[in-house]
Amino acid sequence: MKITDAVRILCGSCLTYGLTLQPTLAQTDTSQSGAGKSSGRLEEIVVTAQRREESLQQTPLAVSAITTEDIEQRGMVDVSRLTAFVPNLTTTTTPGSTSSSTIAIRAIGNGDPILTSDSPVAIYFDGVVIGRQAGASFDPLALGRVEVLRGPQGTLYGRNTIGGAVNLVTAKPSDDFGFRQKFSIGSWNQWQSRTSIDTGEWGESGVRSKLVYIRREQDGYVDNRNTPGDLDPGAFELDAFRVALSFDRGGAFRADYAFDHNDRDGVPAAWQATATNSTVQRLWNASPTYGGRAPQVSSKRFDSLYLNADDANTDKVDGNTLVLEFDFNDETMLRSLTGYREWSQTTRNGAMDGQNGIRALTVSPAAFAPPYPFIPTGVKEINLFTAGVSPRSQHQVSQEFDLIGDLGERLNYVAGLFYFRERSHEYSQQFMYIALPPPFPAAAAPTQGTIEYVHESESQAVFAQATYDFTDQLSFTGGMRYTKDTKELEQAAPFRRNLDKDFSHFDWSATLDYKLNDVMMAYARAATGYKAGGMNARSFNDGYDPEELTSFELGMKSELLDQRLRLNGALFYVDHQDMQLQQFVAGARGALSNTVNAGEAEYTGIELEFQALLTDSLTFSGSVGYIDRQFNKFLIVDPGTNQTVDVANVAHFTYSAKETANAALQYDLPRFSFGQVSARLEYNYRSEVYFQPTTVGTPLNESIKGDGRGLLDARLTLAEVAVGSATASFSLWGRNLTDEE
């Protein structure tokens, strides 16, 4: 959008109207409102990063907590909005998808969306692990808090957390009846209705329930000249609901069950050609001579494009979560976490070259093989790369038992068993036209490929962690976990094969923390992490081994100036071994690739988070992250020479930023008789992001990287407006007001 559009949004087209109806004596949960103030002090934030409730400031981990108020102020609906709110974290929507995000923490992430490839950052939803990053950007609806754990979490969270873990924590049903209705309208014909009903306790049964329903629609934000606005890139329709039941009569037994459903139809983000090689450019430039459109190529974003008219995704997510807790006594509790989730997606006709209406002379694919005959097959409208109708699905079941307790006054512990099993399926067709180089005339030859497979994965683990307080100031926390993984791949295309792999690993962690006084704590932590090995359905080889990582961290947490300043920081060093990298197959001239353990890296970084009450009305908060990233080994086969080369000195870390920063000012005016007025201004920044690691095989890598960008957001809210015995709030907000690309 242009700057004038940003002004228009701020002045009214992004009006958010929220009406909250609840009994005037209903209690609110202040423990989740970290930006709030009580008696001129910052309020305590409670997290469950170590599987038990504890204060954020007393948790010796690099963990960020995004509270209920933060979620509302930032308009956050899923994990794709976490970028720059948390230091050294970057999220990127996966290309060609409307519901998948790549998350990188401390420069560790994975941009490959194939269902046989694990992400090194795990996402948890109310304690249940989400097995795939595909489909992970669903709306959790009753989101009450987000916890981001940075660094390896191999002890309590297990495999595939070498970068960290993201915990999505929903709000439980309330003790009292409550009704909340929120309406929003905005640019690109965006509108939303969100309804939340708390029944309160059903008589004296101990049962409470919460129902949340959301309907959200938006037109696309890039104009496809071949479609109406509701089919432009970025357009979507979402229907979602969640039903939660909670049982607690104050006795030894408690239970929570929730079912969530997301149904999303959308158009992926626009594909735009930012750079081409001379062979492709020659082919496209010939299009007008055949009655076709001229090519659309630019490093600047187009406001409108000619794209295919039927590119769309459909995603469905269903989830079941059951949490049972039983207190043996005041010191010991047994918790059971059971999860079952299903995800399915259908993508349709994704043309990925950013062109529509290109016409070219086509020839027989015989031109690829000796004696390289040039056999014309006519002038046709072509796309260089198109994905056909491609269904994908995944379902999973997980079970965890946690024994949580205290032994005496100085020792507390968590011990548990974990089981996870998933099955995924993908059928995908790709249709390609390959531009022929000189001395051939400007022409293209067709080829196609198919991927079809069923993948099964099973993981079992036993783990324990304990904290011993030597004194009231000095404590030690030690943890360990043993994991056994089994993976099976039954593939029909492009290779017909049956593969299976077994892996096992032992992880440990050790933390020493020291409370310098009542308001300051320092800690030192060492921990290992493990990313499972497996099989890549696109690779020519029969599998790869796990990645291993060891991290060392020094941290500090403090609440100063009579709890008016919260300042947390961490320094870290990470040694990363046996990295799983894509490598070309020697002799294939770049036509085939393998996933191999061919990389080593180290990371050194710093993180700082702060929140300050400058006055009783003005809050200043923010974060800064910096990582010095270095490959020590990055082996790859150069398709031009078929020689293995080490490109460690010039390779880039993908889907992650070297620097992140965030700063926010919120001013709460003195309360008026008609309500509470607050204003918020926020700026977040991330440096450049690469999407491919090297120019070997991707010679235009520098041209297609994502430049650094800073986004300015603003919000004006009138809250606590009395409407009978209920309250209402009104907000006016805008995102990216300076029109950054």
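Biologist: Which residue lies over the face of Tyr157, and how far is it from the ring centre?

Modeller: In this predicted model, Arg51 lies over the face of Tyr157, at 4.4 Å from the ring centre. A charge over a ring needs CZ of Arg within 6 Å of the ring centre, and 4.4 Å meets that distance limit.

Biologist: What makes Tyr124 and Tyr157 an edge-to-face pair?

Modeller: Their ring centres are 5.1 Å apart and their planes stand at 75 degrees. Pairing requires centres within 6.5 Å, and edge-to-face requires planes over 60 degrees apart. Both conditions are met, so the pair is edge-to-face.

Biologist: Where in the chain do Tyr124 and Tyr157 lie?

Modeller: Tyr124 is in strand E9 (residues 121-125), while Tyr157 is in the loop between strand E11 (143-150) and strand E12 (164-170). The two are 33 residues apart, and the pair links distant parts of the chain. Both Tyr124 and Tyr157 are buried.

Biologist: What makes Phe326 and Phe328 an edge-to-face pair?

Modeller: The centre-to-centre distance is 5.3 Å and the angle between the planes is 85 degrees. With limits of 6.5 Å for pairing and 60 degrees for edge-to-face, the values for Phe326 and Phe328 fit the term. The structure holds 14 aromatic pairs.

Biologist: Why is Phe328 called partly exposed?

Modeller: Phe328 has a relative accessible area of 48%. Partly exposed covers the range between under 20%, which is buried, and over 50%, which is exposed; 48% falls in that range, so Phe328 is partly exposed. Phe326, at 35%, is partly exposed by the same cut-offs. As for position, Phe328 is found in the loop between strand E20 (312-327) and strand E21 (332-348).

Biologist: Which surface patch includes Phe326 and Phe328?

Modeller: Both belong to a nonpolar surface patch of about 1,000 Å². Other residues in the patch include Phe253, Leu334, Tyr482 and Trp508. Strand E29 (474-493) and strand E30 (497-517) each supply at least two residues of the patch.

Biologist: Why does Phe584 count as buried?

Modeller: The relative accessibility of Phe584 is 17%. Buried means under 20%, so Phe584 counts as buried. Phe584 lies in strand E33 (residues 565-584).

Biologist: Which residues are linked into a cluster by ring pairs?

Modeller: Tyr603, Phe631, Phe634 and Phe653.

Biologist: How far is the charged end of Arg74 from the ring centre of Phe85?

Modeller: The charged end of Arg74 sits over the ring of Phe85, 4.3 Å from its centre. That value is within the 6 Å limit.

How values were computed
Residues are numbered from 1 along each chain as its sequence is written. This is a predicted model: local features need pLDDT of at least 70, side-chain atom pairs count only at pLDDT 80 or more; totals for chains, interfaces and linings use all residues. Side-chain values use heavy atoms; hydrogens and water are left out. Patches are made of residues with over 30% relative accessible area and no salt bridge: like charges are joined within 9 Å, nonpolar side chains (Val, Leu, Ile, Met, Phe, Trp, Tyr) within 5 Å. Accessible areas come from the Shrake-Rupley method with a 1.4 Å probe; for residues, only the protein chains shown count as cover. A salt bridge is a side-chain nitrogen of Lys or Arg within 4 Å of a carboxyl oxygen of Asp or Glu. Helices (H or I, at least four residues) and strands (E, at least two) are DSSP runs, numbered from the N terminus. Buried means under 20% relative accessible area, exposed over 50%, partly exposed in between (1.4 Å probe, protein chains only). Rings of Phe, Tyr and Trp (its six-membered ring) pair if their centres lie within 6.5 Å; planes under 30 degrees apart count as stacked, over 60 as edge-to-face and the rest as tilted. A charge sits over a ring if NZ of Lys or CZ of Arg is within 6 Å of the ring centre and within 35 degrees of the ring normal.
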